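Open your viewer and keep the selection box handy. We'll go stop by stop, and at each one I'll tell you what to pick and what you should find.

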Amino acid sequence: MTVKTMEDLFVETLKDIYYAEKQILKALPGMVKKASAAKLKEALETHREETEGQVGRLEKVFKMIGAAARGKKCEAIEGILAEAKEHMSDIEDPEVLDAGMIGAAQAVEHYEITRYGTLIAWAKQLGHDGAVELLEANLEQEKNADRLLSKIAEATVNRKAAA
Ligand SMILES: [Fe+2]
Ligand SMILES: [Fe+2]
């Protein structure tokens with residue numbers, strides 16, 4: 001599809017985050033399995049469940065604006081997830097691996113936060129009020145996940161890995 005209007009750009013970017021969320025959904029179970037710290041395991045599992053809901057909200061947004069719910073390959077998320085996988089196959093020390101996975105997961109959250117921020121601004125501009133609400137719900141969950149990961153890193157993982 002050729003992007004000509006703001007509406008086109010909005011739909012293309014929605015497809016980008018839809019693809020990203022689905023890739024994240026596929027990657028999270030492996031990270032849950034590899035995590036050692038109980039708090040990290042739990043946080044990743046909770047966010048996996050939240051991500052299922054996020055995909056559902058995005059499908060609602062597609063429906064609202066009359067576009068087909070289809071993903072568009074997002075190289076950015078592919079790259080971030082590839083780094084996470086690299087950590088998972090390269091790092092043997094479980095505590096160092098936890099720290100590496102937290103870093104990768106936070107890179108994912110920050111990517112999602114920037115995408116949702118942009119989409120919300122454009123949805124407002126285009127008058128897609130219902131979409132704004134759904135996108136804001138996803139953004140809130142990404143911000144919470146990011147904050148929780150920071151907390152876990154500060155409280156346990158990083159300190160132990162440095163010992
Ligand atoms: Fe997400
Ligand atoms: Fe997320």
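What spacing do the donors of the iron ion (ligand 2) follow along the chain? It is H-x61-E-x2-E-x29-E, where donors are N, O and S atoms within 2.8 Å of the metal (3.2 Å for Na, K and Ca), and since water is not among the atoms, sites may look incomplete.

Some ground rules before you click on. This is a predicted model, in which local features need pLDDT of at least 70 and side-chain atom pairs count only at pLDDT 80 or more, while totals for chains, interfaces and linings use all residues. Residues are numbered from 1 along each chain as its sequence is written, chains are lettered from A and ligands numbered from 1 in the order in which they are written, and side-chain values use heavy atoms, with hydrogens and water left out.

**Stop 1: the whole chain.** Show it as a cartoon. You should see five helices and zero strands, with helices (H or I, at least four residues) and strands (E, at least two) taken as DSSP runs numbered from the N terminus. The C-alpha trace spans about 55 × 25 × 20 Å along its principal axes. Buried residues (under 20% relative accessible area; exposed is over 50%, partly exposed in between, with a 1.4 Å probe and protein chains only) make up 42% of the 163 residues. Take contacts (heavy atoms within 4.5 Å) between residues at least 6 apart in sequence: 77% of them join residues at least 24 apart.

**Stop 2: iron ion (ligand 2).** Select this ion plus H47, E109, E112 and E142. The ion is coordinated by H47 (NE2), by E109 through two OE donors, and by E112 (OE) and E142 (OE), at 2.0 to 2.8 Å. Here distant parts of the chain are linked: H47 sits in helix α2 and E142 in helix α5, 95 residues apart. Both H47 and E142 are buried.

**Stop 3: iron ion (ligand 1).** Now add E21 and Q54 to your selection. The protein donors of this ion are two OE donors of E21, Q54 (OE1), E112 (OE) and E142 (OE), lying 2.0 to 2.3 Å from it. Their spacing reads E-x32-Q-x57-E-x29-E. Q54 in helix α2 (residues 38-64) and E142 in helix α5 (residues 129-162) are 88 residues apart. Like E142, Q54 is buried. Which residue bridges the two iron ions? Zoom in on E112: it coordinates both, and the ions are 3.3 Å apart.

**Stop 4: helix α3.** Select residues 75-90. That gives you 16 residues, reaching 22 Å from the first C-alpha to the last, close to the 22 Å expected at 1.5 Å a residue (the expected span is 1.5 Å times one less than the number of residues). Colour I77, I80, L81, A84 and M88, which are buried. Look down the axis of α3: the buried residues fall within an arc of 95 degrees, so they line one face of the helix (the arc is that of the directions from the helix axis to the C-beta atoms). On the other side, E75, E83, S89 and D90 are exposed. What covers the buried residues of α3 includes α1 (6-34) and α4 (94-126).

**Stop 5: H128.** Finish in the loop between α4 and α5, where you'll find H128. Is H128 buried or exposed? It is buried, with a relative accessible area of 18%. Not counting residues up to four places away in sequence, H128 touches E7, F10, I65 and A123.
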